[in-house]
Amino acid sequence: MRAQDASIRVGLIGCGAVARLYYMPALRELEAAGSIEVAALLDPVAGHAALLHEAFPRAQMARQLPDLPRQGFDLAIVASPHSLHAAQTIELLEAGVSVLCEKPMATSVDDARAMIRAASVGPGLLAIGLVRRYFPATRMIRHMLALGTLGDITSFEFSEGFASFDWPAASRGYFSKREAQGGVLMDTGVHALDLLQWWLGKIAVLEYADDAMGGIEANCLIRCRLECGSTGEVRLSRDCALANRYTVRGSRGWLSWQAGQVDQFEFGFADSAQVVQARPRDQSASNFEQSFLSQLRNVIAALRGTEQLQVPAAEGIAGIELIENCYRQRSLMAMPWLDDREIARGRELNGGRMAGVVAR
Amino acid sequence: MMNVPSHRARIEPLQPGAPRALWSVMIPTFNCNQYLQTTLESVLAQDPGPAVMHIEVVDDHSTDDPAAIVAALGRGRVSYFRQPSNMGITRNFATCLNRAHGRLVHLLHGDDCARAGFYEHMSRLFELHPAIGAAFCRHVFIDEHGRELATSALELNSSGVLPDALERLAVEQKIMTPSMVVRREVYERLGGFDDRLPCSEDWEMWVRIAAHYPVGFEPEPLAAYRMHPNSNTGRNTHNADNMRYTRAAIEMFKEYLPPGSAHDIVLRARETYALSAVEFARERLRQRDLSGALAQAREALRFRFSPRVLAEILRAFTWS
């Protein structure tokens, strides 16, 4: 633990899109406040680190983890490609460095468990970057659900997808089966499944289908069941405009959240047409960038021993277990636009299974 | 005497024929010395003498030495009894009631006050209406500095017997303890406060009395109830125990209500306290106590899961 007043030295491991768009503004604000000092920037592509170096000129730059002195920083933000998360996090934890690992914490449950083991034997903390948990809207929805305001939960539908994919991925690894280990499920799906379980408790996957035929999926559909027995579905896409709504229905009312909306959700009553546009009184963040700041503040406070980690590694692994479970029972999404020959090839590439579910 | 269940104190009748004062002003106290002097002064300023009024402080094993204040201010006029250990509110009340020997008992917490004219007006009410078992006056809420915050509702325009007292008192807790006077024989018959209720024990008691006796009302605000963070009410809001026990009190007294109207009265009481719990939730949010606010909201829904309560909860937690 760092002393209350000491500046925490931060290393940014991976200087791609998420680091540039979201971590950089938050780190600049914290550095200006004297709370942290960005001490290291690591990326195998020198140009990526150099872009951030303009904002943090005192930081040491490196291309490989072994090139950085382990005593040089207290907290590492691991924002590298998914497949590197586990190895880098374990190496850092074993060197006594605390880690905030971007989602997904790992691409397999075995790796995630190894990360947790490494954190348990060393002095460092392991936090998982699930930024949507810092949105005032998602937090308030969790409280409203925990209060039982919807009565008995009867169903849920989560959908998220855009017709054009616009994430400015810095490396091709994002689309590589070998490096990313998955597509939309491993990316947006981590958030969706995390919120689903954070809000409604443990779920069981009943059926999973996607459109991957040897590569990574751009579309997927998960049918799942809550512990209370109610069922629902999660539909995700990288190339199809969906409703982008997370809706939970209960015997007394319903809640609906526009995916990505930081500080607003809708509440409806089962027995009336009244719909309430609700903005949480918790004003800790009003946009995506401020939510990253809230996330970093929590990790820093935990390092100083003044707060509990809001997303410890033990919570991050739950989503990875679900994703692994989904891929284990993967079937090919029904795609009526394919002809018989293409379907046969699709089956062949997907292990022979073809689901009855249809991509919408 | 009715058969008094074990969770209610038995209040033993006094020897018949023994000389008795009209009043017993019983002052239960626990670690509230900063207010006790004001409380005692408020009674002593109206003191009709020992033949008419018995005044006693019953100390629930305080650590702030109320005996010194009693000795300094009472100068022998105010008796003092110290519990051998801390008994808790309802058991200390039971001690007060059993030690009271006046015909009318006024329980005045060591942080509350009787305002000028209290004993005169209330004596007259009992004289004019001999059938009443208890009577209460309006009260003012005061803060820790004695500043007036609000005045309770006007139940009747003039002093007299309160119509529909049982229904009115069961729908909402309208009586703060310092505003209530009860004949000792009523406690002897019905038993004392229910010790399963660390909060709302007074409400259950007043409803039980109203179920058996007419109740008088005095429109003058002659009592002061102090609100402060360490008051019984203040202490129990952060975990919503105040509302949990209020719910328990309703469950207990619904059996005293007339069968034809009990259901409706209970529903109204539950709606009233659901909305009250939401107000406590708002207050906890103002104190930046989210877990306390959520506990209050949870209690609100346990009282009554109505669209109105739900909408109020949403309004408390969101800008909607």
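This report walks through a predicted model with chains A and B, from the fold of chain A to the contacts between the chains.

## Chain A as a whole

Let's start with the overall build of chain A, which holds 10 helices and 16 strands. Its radius of gyration comes out at 21 Å, close to the 21 Å that the globule rule gives for 360 residues, so chain A is as compact as a globular protein of that length. Laid along its principal axes, the C-alpha trace of chain A covers about 55 × 50 × 35 Å.

On the inside, 48% of the 360 residues of chain A are buried. Sequence separation is worth a look too: take the contacts in chain A between residues at least 6 apart in sequence, and 69% of them join residues at least 24 apart.

## Helix α8 of chain A

Helix α8(A) covers residues 288-303. Does its length fit a helix, or does it fall out of line? With 1.5 Å a residue, its 16 residues should span 22 Å, and the end C-alpha atoms sit 23 Å apart, which agrees. Just after the helix comes Gly305(A), with a positive phi near 80°.

Plenty of α8(A) is tucked away. The buried residues are Gln290(A), Ser291(A), Phe292(A), Leu293(A), Ser294(A), Gln295(A), Leu296(A), Val299(A), Ile300(A), Ala302(A) and Leu303(A). What do these buried residues pack against? The partners are a mix of strands and one helix of chain A: β1 (8-13), α1 (17-32), β2 (36-42), β4 (75-78), β5 (98-102) and β6 (126-129).

## Strand β1 and a cis proline

One of those packing partners, β1(A), is itself well covered: 5 of its 6 residues are buried, so the strand is largely enclosed by the rest of the structure. β1(A) runs parallel to β2(A), and 6 bridges join the two. Within this pairing, Leu12(A) stands opposite Leu41(A) of β2(A).

β5(A), another partner of the helix, leads to a backbone oddity. The loop between β5 and α4 (109-121) of chain A contains Pro104(A), and the peptide bond joining Lys103(A) to Pro104(A) is cis, with omega about -10°. For context, most peptide bonds are trans.

## Two domains in chain B

Over in chain B, the domain assignment gives domain 1 (23-228) and domain 2 (236-317). Taken over C-alpha atoms, the centres of these two domains of chain B are 26 Å apart. Where they meet, 15 residues of domain 1 of chain B are in contact with 16 residues of domain 2 of chain B.

Which elements supply the domain 1 side of chain B where it touches domain 2 of chain B? α5 (165-171) and α7 (201-212) of chain B each give at least two residues, and α7(B) gives the most, with 5 residues. By class, that side has 9 nonpolar, 1 polar and 5 charged residues.

## Where chain B meets chain A

Between the chains, 14 residues of chain B are in contact with 17 residues of chain A. On the chain B side, α11 (290-303), α12 (307-317) and β11 (318-319) each give two or more residues. α12(B) gives the most, with 5 residues. The residues on this side of chain B divide into 11 nonpolar, 2 polar and 1 charged.

There is also strand pairing across the chains. β14 (275-280) of chain A and β11(B) pair in the antiparallel sense over 2 bridges. Which residue of β11(B) is the bridge partner of Pro280(A)? That would be Thr318(B).

## Two arginines with positive phi

Most residues other than glycine have a negative phi. Chain B has a pair of arginines that go the other way. Arg75(B) has a positive phi of about 45° and lies in the loop between α2 (66-74) and β3 (79-82) of chain B. Arg288(B) has a positive phi of about 60° and is found in the loop between α10 (259-286) and α11 of chain B.

Are these arginines buried or exposed? A residue counts as exposed if 12 or fewer other C-beta atoms lie within 10 Å of its own. Arg75(B) has 9 such neighbours, so it is exposed. Arg288(B) has 8 other C-beta atoms within 10 Å, so Arg288(B) is exposed as well.

Notes:
Residues numbered from 1 in each chain as written. Chains lettered and ligands numbered in written order. Predicted model: local features only at pLDDT ≥ 70, side-chain atom pairs only at ≥ 80, totals over all residues. Contact = placed C-beta atoms within 7 Å. Helix = DSSP H or I, 4+ residues; strand = E, 2+ residues; numbered from the N terminus. Nonpolar A, V, L, I, M, F, W, Y, C, P; charged D, E, K, R; others polar. Pairing = 2+ DSSP bridges. Domains from an automatic or database assignment. Expected span 1.5 Å × (residues − 1). Buried ≥ 20, exposed ≤ 12 C-beta atoms within 10 Å, placed from the backbone. Rg over C-alpha atoms; globule rule 2.2 N^0.38 Å.
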